Amino acid sequence: MARRATPVVQEADDVPRALISVARNFGVGTMFIGSARPRLIGRSVVEKLIRLSPPFEIVVVRPD
């Protein structure tokens, strides 16, 4: 909270679009999102989110 981070719980069929919608409502300037290993079939949520060109910066955090 000291860094103005706010947890949000949202259910949706289209997760990337829901992330963009919620981020807009909160006035997000930068979204930090975790990324798992690359998928063999289809695009990940992170890949889909980036392809939608949201109006904020995306920082992808990968586990070591």
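Trainee: Among contacts between residues at least 6 apart in sequence, what share joins residues at least 24 apart?
Mentor: This is a predicted model. Take the contacts in the protein between residues at least 6 apart in sequence. The share of them that joins residues at least 24 apart is 65%.

Trainee: In what order do the elements run from the N terminus on?
Mentor: The protein has two helices and two strands. Helix and strand alternate in the written order. From the N terminus on, that order is α-β-α-β.

Trainee: Is Ser35 buried or exposed?
Mentor: Ser35 sits in the loop between β1 (30-34) and α2. Its relative accessibility is 13%. The cut-off for burial is under 20%, so Ser35 counts as buried.

Trainee: Which residues does Ser35 touch, not counting those up to four places away in sequence?
Mentor: Ser35 belongs to the loop between β1 and α2. Leave out residues up to four places away in sequence. The partners of Ser35 are then Val46, Val60, Val61, Arg62 and Pro63.

Trainee: What part of the 64 residues is buried?
Mentor: Ser35, at 13% relative accessibility, is one buried residue. Over the 64 residues of the protein, the buried part is 20%.

Trainee: How far apart are the closest N and O atoms of Arg17 and Asp14?
Mentor: The structure holds one salt bridge. Arg17 and Asp14 form a salt bridge. A salt bridge requires a nitrogen-oxygen pair within 4 Å. For Arg17 and Asp14, the closest N and O atoms are apart by 3.2 Å.

Trainee: Is Arg17 buried or exposed?
Mentor: Its partner Asp14 has a relative accessible area of 35%, so Asp14 is partly exposed. Arg17 stands at 52%. Exposed means over 50%, so Arg17 counts as exposed.

Trainee: Which residues gather in the patch of positive charge on the surface?
Mentor: Start with Arg51, in helix α2 (residues 45-51). Arg51 has a relative accessible area of 58%, so Arg51 is exposed. The patch gathers Arg39, Arg43, Lys48 and Arg51.

Trainee: How far apart do the centres of the positive and negative side chains lie?
Mentor: There are 10 positive side chains and 6 negative ones. Each set has its own centre. The two centres lie apart by 4 Å.

Trainee: What part of the accessible surface belongs to carbon and sulfur atoms?
Mentor: The C-alpha atoms fill a box of roughly 35 × 30 × 20 Å along the principal axes. The accessible surface of the protein comes to about 5600 Å². Of that surface, the part belonging to carbon and sulfur atoms is 51%.

Notes
Residues are numbered from 1 along each chain as its sequence is written. This is a predicted model: local features need pLDDT of at least 70, side-chain atom pairs count only at pLDDT 80 or more; totals for chains, interfaces and linings use all residues. Side-chain values use heavy atoms; hydrogens and water are left out. A salt bridge is a side-chain nitrogen of Lys or Arg within 4 Å of a carboxyl oxygen of Asp or Glu. Buried means under 20% relative accessible area, exposed over 50%, partly exposed in between (1.4 Å probe, protein chains only). Patches are made of residues with over 30% relative accessible area and no salt bridge: like charges are joined within 9 Å, nonpolar side chains (Val, Leu, Ile, Met, Phe, Trp, Tyr) within 5 Å. Accessible areas come from the Shrake-Rupley method with a 1.4 Å probe; for residues, only the protein chains shown count as cover. Lys and Arg count as positive and Asp and Glu as negative; His and the chain ends are not counted. The place of a charge is taken as NZ of Lys, CZ of Arg, CG of Asp or CD of Glu. Helices (H or I, at least four residues) and strands (E, at least two) are DSSP runs, numbered from the N terminus. Contact means heavy atoms within 4.5 Å.
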